[in-house]
Amino acid sequence: MAYVANYAAEAPERALVDAMPGDVLLEFGANWCGHCQGAQPAIAAALRAHPALPHLKIEDGPGRRLGRSFRIKLWPTLILLRDGQEVGRVVRPNSEQEVGELLAG
């Protein structure tokens with residue numbers, strides 16, 4: 001799976017996310033968010049080096065259970081999971097290098 005351009009309005013259940021094998025990148029934000037839009041070139045560039053990495057781009061906001069379960073406070077927030085466990089996160093990334101360091105985790 002490659003870079004995903006838009007945030008999905010429907011989020012998977014936390015139990016499904018926790019059961020995902022291997023590495024998975026979660027990205028929380030909103031399509032209208034200026035910080036999210038500004039970070040997209042860096043995220044897309046970093047993900048080009050990891051074309052097989054699943055990228056779940058989830059719309060977040062008040063009352064969104066998945067984002068609350070990960071204690072998301074600012075957008076975009078990227079979380080790298082390995083076998084359902086968080087191994088790293090970056091909040092409001094400003095560079096391809098910052099995202100790349102997370103993905104190398």
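**Exercise 1.** Is Arg68 buried, partly exposed or exposed, and what is the relative accessible area of this residue?

*Solution.* Begin with the ground rules: this is a predicted model, in which local features need pLDDT of at least 70 and side-chain atom pairs count only at pLDDT 80 or more, while totals for chains, interfaces and linings use all residues. Residues are numbered from 1 along each chain as its sequence is written, and side-chain values use heavy atoms, with hydrogens and water left out. Next, take the classes: buried means under 20% relative accessible area, exposed means over 50%, and partly exposed lies in between (1.4 Å probe, protein chains only). Arg68 has a relative accessible area of 35%, so Arg68 is partly exposed.

**Exercise 2.** Find the salt-bridge partner of Arg68, and then examine the salt bridge between Arg14 and Asp18.

*Solution.* A salt bridge is a side-chain nitrogen of Lys or Arg within 4 Å of a carboxyl oxygen of Asp or Glu, and a search of the whole structure finds six of them. Arg68 pairs with Asp60 at 3.0 Å, N to O, and Asp60 is buried, with a relative accessible area of 5%. The side chains of Arg14 and Asp18 meet at 2.8 Å, N to O. Both residues lie in helix H1 (residues 14-18), four residues apart, about one turn of the helix; helices (H or I, at least four residues) and strands (E, at least two) are DSSP runs, numbered from the N terminus. Arg14 is partly exposed at 30%, and Asp18 is also partly exposed, at 32%.

**Exercise 3.** Locate His55 and describe the contact that its side chain makes with Val4.

*Solution.* His55 belongs to strand E2 (residues 55-59), and with a relative accessible area of 1% this residue is buried. The side chain of His55 reaches the backbone nitrogen of Val4 at 3.0 Å.

**Exercise 4.** Describe the largest nonpolar core and the surroundings of Leu26.

*Solution.* A nonpolar core is a set of buried Ala, Val, Leu, Ile, Met, Phe, Trp, Tyr and Cys residues joined through side-chain atoms within 4.5 Å. The largest one has 17 residues, and those with the most contacts inside it are Leu26, Phe28, Phe70 and Ile79. Strand E1 (23-29), E2 and strand E3 (77-82) each supply at least two residues of this core, with the largest share, three residues, coming from E1. Leaving aside residues up to four places away in sequence, Leu26 touches several residues, among them Val17, Leu56, Phe70 and Ile79, where contact means heavy atoms within 4.5 Å.

Definitions and conventions. A polar contact is a pair of N or O atoms within 3.5 Å; within protein, one must be able to donate a hydrogen and the other to accept it, and residues adjacent in sequence count only if both atoms are side-chain atoms.
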